[in-house]
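Here's a quick briefing to go with the model below. Have a look at the fold first, then read on for the sheet and the cores.

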Amino acid sequence: DSPCCSSLKAPFDPKAFVSNPGVGITVQRFQKNQKVFVQGENADTVCYLQKGHAKATVLSDRGKEAIVGIFQEGQFFGEGCLDDRTKLRTTTVVALDQCLITSIRKDTMLSTLDIEPDFSAFFIARLVSRINRIEDDLIDQLVHRSERRLARQLLLLAGFGQEANDEPVTVTVNQETLAEMVGTTRSRINAFMNKFRKKGFISYDSYHREIKVYRSLLDAVLRDMPWAEEDE
């Protein structure tokens, strides 16, 4: 064997880069309802969600809080810090369940994007996917009934559509959060949840706020849920 072969640099692995601590990179576990960062804090890291779900909220000058995004496993957030004009966080991000999150310092992120094309492609693909999700959410909010919007949010939280899986998936979220995400009242969410449960689309433990989502809910959405009620 040629002696030079042992000195060849191993291929860069983007998934390994965002999964393990290193120079300028920390990995931290967050408990449910724990804040990852807060609106108004210095923006100096990009985050990558390895496991769990998180929500981004904005607090208005009048103290009203609104959910502006839900993050899934495999998504980046906080990337606004890469723009030199963005000095402060514009949102607060809170863990919806137990999360494993990688924080990448701004200078480390920029240098890696500059020298590692595979990582640039990895990062851009996930940002585009998240932007598409935001556009889908907007269309959903403008076009569809609130009952169908709830079904879609439950499927997204459960990860249906990301991979073929016929097994039920458990998500942890309360009805207040679902009402904010869907854009309706908690009482309507409760009524829809009861209907979904009677139809066998979900089962849930209200005490632990755990919802088990079945694939039959996806099938119902694909059939456009003809039995869904019109919004009032």
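**Sheet and cores**

Four strands make up an open sheet in the order E1-E8-E3-E6, with antiparallel pairing; strands here are DSSP runs (E, at least two residues; helices are H or I, at least four), numbered from the N terminus, and two strands pair if DSSP finds at least two bridges between them. This is a predicted model, where local features need pLDDT of at least 70 and side-chain atom pairs pLDDT 80 or more, while totals for chains, interfaces and linings use all residues. Residues are numbered from 1 along each chain as its sequence is written, and side-chain values use heavy atoms, leaving out hydrogens and water.

**The sheet**

- Strand E1 (25-30) and strand E6 (76-77) are the edges: each has a single partner strand, so one side of each lacks a neighbour in the sheet.
- E1 and strand E8 (residues 99-105) run antiparallel, joined by six bridges.
- Across from Ile101 in E8 you'll find Gln28.

**The cores**

- The largest nonpolar core (buried Ala, Val, Leu, Ile, Met, Phe, Trp, Tyr and Cys residues joined through side-chain atoms within 4.5 Å; buried means under 20% relative accessible area with a 1.4 Å probe, protein chains only) has 31 residues, and Leu154, Leu178 and Ile211 touch the most other members.
- Helix H4 (146-158) is among the elements giving two or more residues to this core, and its six residues are the largest share.
- Leaving aside residues up to four places away in sequence, Leu178 touches Leu150, Leu154, Leu157, Val173, Ile189, Met193 and Ile211 (contact means heavy atoms within 4.5 Å).
- There's also a second, separate core of 15 residues, including Val18, Ala43, Phe76 and Ile104.

Conventions
Buried means under 20% relative accessible area, exposed over 50%, partly exposed in between (1.4 Å probe, protein chains only).
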